[in-house]
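Please look through the model shown below together with the report that follows it. The report begins with a single residue and then widens to the chain as a whole.

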Amino acid sequence: MSDHIHRCPICAEPLTADDICASDIEMSTCHAACLEGSPVVDLDTGEETGGKVDTYRYSDVMDPPAPQVDTEVLP
């Protein structure tokens with residue numbers, strides 16, 4: 001297991017499994033809140049789309065993957 005801590009390239013805070021993230025073309029995975037207000041652009045044209053940024057939980061992309069949690073209720 002790696003001891004490397006992945007950090008948001010904007011705020012330098014560690015990225016945790018439950019963090020809501022977004023991707024920046026130059027900085028990769030960042031906290032979505034850190035990218036708030038940044039323009040969303042078409043990657044082919046570079047033109048602003050006015051669209052909404054796609055977000056995801058960091059656990060969806062973290063390396064190594066987040067451990068699976070057993071939600072089975074025992075008697």
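## Contacts, core and surface

Not counting residues up to four places away in sequence, H31 touches C8, C11, E13, P14, L15, D19, I20, C21 and A22, where contact means heavy atoms within 4.5 Å. This is a predicted model, in which local features need pLDDT of at least 70 and side-chain atom pairs count only at pLDDT 80 or more, while totals for chains, interfaces and linings use all residues. Residues are numbered from 1 along each chain as its sequence is written, and side-chain values use heavy atoms, with hydrogens and water left out.

H31 is placed in strand β2, strands being DSSP runs of E with at least two residues and helices runs of H or I with at least four, both numbered from the N terminus. H31 counts as buried because its relative accessibility is 14%; buried means under 20% relative accessible area, exposed over 50%, and partly exposed in between, with a 1.4 Å probe and protein chains only. The side chain of H31 also makes a polar contact of 3.0 Å with the side chain of D19. A polar contact is a pair of N or O atoms within 3.5 Å; within protein, one must be able to donate a hydrogen and the other to accept it, and residues adjacent in sequence count only if both atoms are side-chain atoms.

T29 also belongs to strand β2, which spans residues 28-31, and T29 counts as buried at 16% relative accessibility. Its side chain is joined to that of Y56 by a polar contact of 3.4 Å. Beyond its neighbours within four places in sequence, T29 is in contact with residues including C8, L15, C21, Y58 and V61.

The largest nonpolar core consists of nine residues, namely C8, L15, C21, A22, C30, A32, L35, Y56 and Y58. Such a core is a set of buried Ala, Val, Leu, Ile, Met, Phe, Trp, Tyr and Cys residues joined through side-chain atoms within 4.5 Å. Leaving aside neighbours within four places in sequence, C21 has contacts that include T29, H31, D54 and Y56.

Two residues have a positive phi although they are not glycine, A12 and S28. Most residues other than glycine have a negative phi. The table sets these two beside other residues for which a location and an accessibility are available.

| Residue | Location | Relative accessible area |
|---|---|---|
| A12 | segment before β1 | 42%, partly exposed |
| D18 | segment before β1 (20-24) | 58%, exposed |
| S28 | strand β2 | 44%, partly exposed |
| V41 | loop between β2 and β3 (56-57) | 35%, partly exposed |

Phi is near 70° for A12 and near 75° for S28. D18 and Y56 are 38 residues apart in sequence, and their C-alpha atoms are 9.4 Å apart in space.

V41 joins I25 and L43 in making a nonpolar surface patch of about 330 Å².

For the chain as a whole, there are zero helices and three strands, and the elements run β-β-β from the N terminus on. Buried residues make up 16% of the 75 residues. Among contacts with a separation of 6 or more, 36% are between residues 24 or more positions apart. The accessible surface of the chain, from the Shrake-Rupley method with a 1.4 Å probe, comes to about 6200 Å², and 51% of that area belongs to carbon and sulfur atoms.

Definitions and conventions:
Patch = residues over 30% accessible without salt bridge, like charges linked within 9 Å, V, L, I, M, F, W, Y side chains within 5 Å. Salt bridge = Lys/Arg side-chain N within 4 Å of Asp/Glu carboxyl O.
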